[in-house]
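Here is a quick tour for anyone meeting this protein for the first time. Have the structure open and follow along.

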Amino acid sequence: MPPPADIVKVAIEWPGAFPKLMEIDQVMWSLGSHENFALQIADSTNFYITEKVWLQNPTFNSSQFQLHERIQSSSMDAKLEALKDLANASRDITFAQEFINLDGISLLTQMVESGTEVCWVCLCLCVSPCSFGDLLSFTLTAFVELMDHGIVSWDTFSVAFIKKIAGYVNKSAMDIAVLQRSLAILESMVLNSQDLYHKVAQEITIGQLIPHLQGTDQDIQTYTIAVINALFLKAPEEKRQDMAHILAQKQLRSIILSNVIRSPTPINDEMAHQLYVLQVLTFNLLEDRMMTKMDPQDQAQRDIIFELRRIAFDVECEPNNGGSTEKRKSMYTRDYKKLGFINHVNPAVDFTQIPPGMLALDNMLYLARHHQDAYIRIVLENSSREDKHECPFGRSSIELTKMLCEILKVGELPSENCHDFHPMFFTHDRSFEEFFCICIQLLNKTWKEMRATSEDFNKVMQVVREQIMRALTLKPNSLDQFKSRLQNLSYTEILKIRQSERMNQEDFQSRPILELREKIQPEIMELIKQQRLNRLCEGTCFRKISSRRRQDKFWYCRLSPNHKVLHYGDLEESPQGEVPHDSLQDKLPVADIKAVITGKDCPHMKEKGALKQNKEVLELAFSVLYESDEYLNFIAPDKHEVSQQLLPLVWPLYDNCLTGKGSERAGNDTQERVPGRESNLDPLQVRNYSLRTWGGRSPTEFLFFFVISVFLSFLCLTAY
């Protein structure tokens with residue numbers, strides 16, 4: 001016989017009483033209106049559940065669900081305590097849904113809009129300004145947390161609310177917590193609504209944001225740059241160049257360099273990300289020139305080519321009216337050939353290729369005007385060589401500009417997960433042009449070192465790309481330092497590096513090593529399997545990424561010691577070590593896992609949002625399907641972490657090694673990941689049950705295989 005509908009068995013913790021397992025009789029507890037009550041989890045999260053949601057180990061608590069009434073209290077002390085509780089409770093989506101259903105967002109916005117009146121009341125009641133700052137801070141914190149769940153559209157807010165938030169940012173002296181949350185709200189408004197972008201842009205100017213970068217609080221600086229990036233990103237294309245001009249006038253680059261990059265405070269990950277986004281958006285201003293073809297009939301554009309010729313061959317220039325037309329054409333053709341253009345008669349045709357379009361011509365003119373000695377030396381030096389050994393300046397500049405655009409990903413949206421900013425690009429107002437000037441001189445130097453001919457052009461470009469990429473990975477602090485690093489990466493040094501890498505790889509491919517590896521392969525297979533299981537049991541911390549705003553929120557996932565259950569749950573901050581499985585409140589039996597889905601097929605990748613549908617994030621995403629339509633959604637921190645964290649989690653699930661299924665396939669694929677066997681497959685390119693890589697080993701495994709290989713090599717050498 002089923003229990004009465006009014007009876008619920010649950011572990012209860014009532015204030016002042018010992019927790020016990022008992023039956024809840026709604027009538028006994030006088031819960032006539034059960035929809036006004038909820039259960040609260042008795043752990044550090046204090047999350048809530050209603051009748052629609054059921055979690056383990058709940059405790060009964062109705063006071064927090066009275067927050068809607070408490071925050072309207074006439075007592076300032078009671079209001080402040082209620083807002084503190086609200087800011088904490090709003091992190092829970094179950095509570096947020098219930099509070100929003102009570103029109104809680106409107107209540108908070110009204111409190112913000114009436115901030116002046118609240119301040120006056122505080123003064124009348126002799127409440128300190130500090131208390132008012134706390135009151136406003138907790139109000140804005142609760143608002144941000146509630147909006148972060150994505151339940152309410154950002155388009156619903158009034159101009160009065162926007163003006164009030166912008167007013168907090170524009171004030172010269174404002175509570176740090178209020179300023180931080182106000183900046184976060186403005187960023188979310190701009191990113192999530194084009195209509196709100198126009199309203200915010202009318203209230204906030206770059207000049208009003210600049211002072212916040214000149215302080216010492218890195219969080220304020222981070223949110224300030226985030227707002228600037230959001231305004232930059234959402235600005236119409238025709239206004240971006242104007243905004244860039246304003247940023248240049250306000251000396252934004254030099255302010256960031258002095259107060260952020262060269263600050264004694266280490267740059268955290270979020271600041272590094274915002275600097276990376278600003279770097280990408282700045283370089284994206286070059287996209288228009290990069291995709292613009294030269295018009296061979298445009299005299300103004302042709303004059304730029306004439307200017308290049310004049311600077312290079314000044315002593316040979318003649319007035320247009322001097323000599324016959326045929327003689328002038330012959331002279332121009334000769335000079336254009338010396339300049340290294342493909343089309344000697346009409347070099348304007350060379351710039352009809354997009355990319356790099358007119359951007360290549362802009363770079364050449366910048367070199368000729370600002371580094372005239374280097375420009376003349378390159379041109380004259382090559383024009384004096386034999387034709388087959390000549391490094392064509394024009395063709396080289398065009399191809400180099402195209403390469404630099406690819407390296408810096410000009411025209412692509414910034415990645416949500418990337419922190420790869422380069423300090424040297426913040427040291428000069430024309431950093432891309434200076435970057436080109438250094439690299440074109442490198443190309444000419446490498447050409448001479450390789451003793452290249454025209455047939456070797458593509459080979460030289462490959463070496464130059466490698467030199468540039470290796471120098472960039474060292475993160476030079478200035479363009480001069482970048483140039484110095486390139487000096488140490490000569491063609492001879494590149495050959496040595498390649499030879500060293502090749503030798504290290506060939507050590508694993510020698511016949512004696514392969515024969516001995518085959519003998520010990522069964523033990524290696526078992527070790528790999530156990531190591532994967534151990535890695536799963538250690539667990540992995542993943543960052544939560546919201547389309548509303550970036551936050552330092554984390555969640556952790558790990559396998560139980562008996563290898564039968566996945567434990568996972570939210571964390572307040574990134575853990576310093578292993579998180580105990582019994583502290584993670586959610587569980588997923590491995591036997592219930594149905595599939596592993598990657599890339600664009602993942603549910604969290606099908607949502608369209610700003611900066612979300614880019615290639616890199618798609619490559620880092622995967623989901624674990626259980627039951628019929630339930631998923632655990634993951635995004636790895638970066639590409640390096642794919643092999644170190646993500647794949648050790650996915651691979652055992654994919655092989656079903658935990659459930660005893662698919663052992664034959666698992667064994668075959670594991671063999672392919674034994675060191676020494678080449679694998680060209682990108683770990684996450686193959687979708688749905690096609691994850692093939694040997695990159696999932698932990699550092700312990702790499703150390704083991706390195707020691708084994710050295711030992712076997714020694715045995716082979718002594719045997720032969």
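In which strand is confidence lowest, and in which helix is it highest? This is a predicted model, and the low end is strand β5 (residues 58-60), with a mean of 35, while helix α18 (residues 358-370) takes the top spot at 97. Across the protein the average pLDDT is 79, and 73% of the residues score at least 70.

Two stretches deserve some caution. Residues 116-127 have a pLDDT below 50, and beyond near neighbours in sequence this stretch has eleven contacts in the model. Residues 656-703 also fall below 50, with 102 contacts counted in the same way. Where pLDDT is low, the predicted coordinates should not be read in detail.

Now for the sheets. One is an open sheet of four strands, in the order β6-β7-β8-β9, with antiparallel pairing. Its edges are β6 (540-544) and β9 (586-589); each has a single partner strand, so one side of each is left without a neighbour in the sheet. On average, neighbouring strands here are turned by 25 degrees against each other, direction ignored. Helix α25 (residues 511-538) packs on this sheet and touches β6 and β7; the direction of α25 makes about 140 degrees with that of β7.

Another open sheet has three strands, ordered β10-β11-β12, and is antiparallel too. Here β10 (593-598) and β12 (630-635) are the edge strands, each with a single partner, so each has one side without a neighbour in the sheet. The twist from one strand to the next averages 20 degrees.

Here are two of the strand pairings, both antiparallel:

| Strand pair | Bridges |
|---|---|
| β7 (residues 553-559) and β8 (residues 565-571) | six bridges |
| β10 and β11 (residues 621-626) | five bridges |

To see the pairing up close, find F554, whose bridge partner in β8 is L571. In the three-stranded sheet, V596 stands opposite V624 in β11.

Finally, look at a pair of helices. Helix α20 (residues 393-407) packs against helix α22 (residues 457-473) at an angle of about 40 degrees, and their axes are 11 Å apart. That makes α20 oblique to α22, and their crossing is right-handed. Among the residues making the contact are L400, M403 and L404 of α20, and M461, V464 and I468 of α22. Sorted by type, the contact residues of α20 and α22 come to ten nonpolar, one polar and four charged.

Terms used: Residues numbered from 1 in each chain as written. Predicted model: local features only at pLDDT ≥ 70, side-chain atom pairs only at ≥ 80, totals over all residues. Heavy atoms only, no water. Pairing = 2+ DSSP bridges. Helix = DSSP H or I, 4+ residues; strand = E, 2+ residues; numbered from the N terminus. Axes fitted to C-alpha atoms, helices over the stretch in contact; angles between N-to-C directions. Contact = heavy atoms within 4.5 Å. pLDDT = per-residue confidence, 0-100. Parallel < 35°, antiparallel > 145°, perpendicular 65-115°, else oblique. Left-handed = near helix turned anticlockwise from the far one by under 90°. Nonpolar A, V, L, I, M, F, W, Y, C, P; charged D, E, K, R; others polar.
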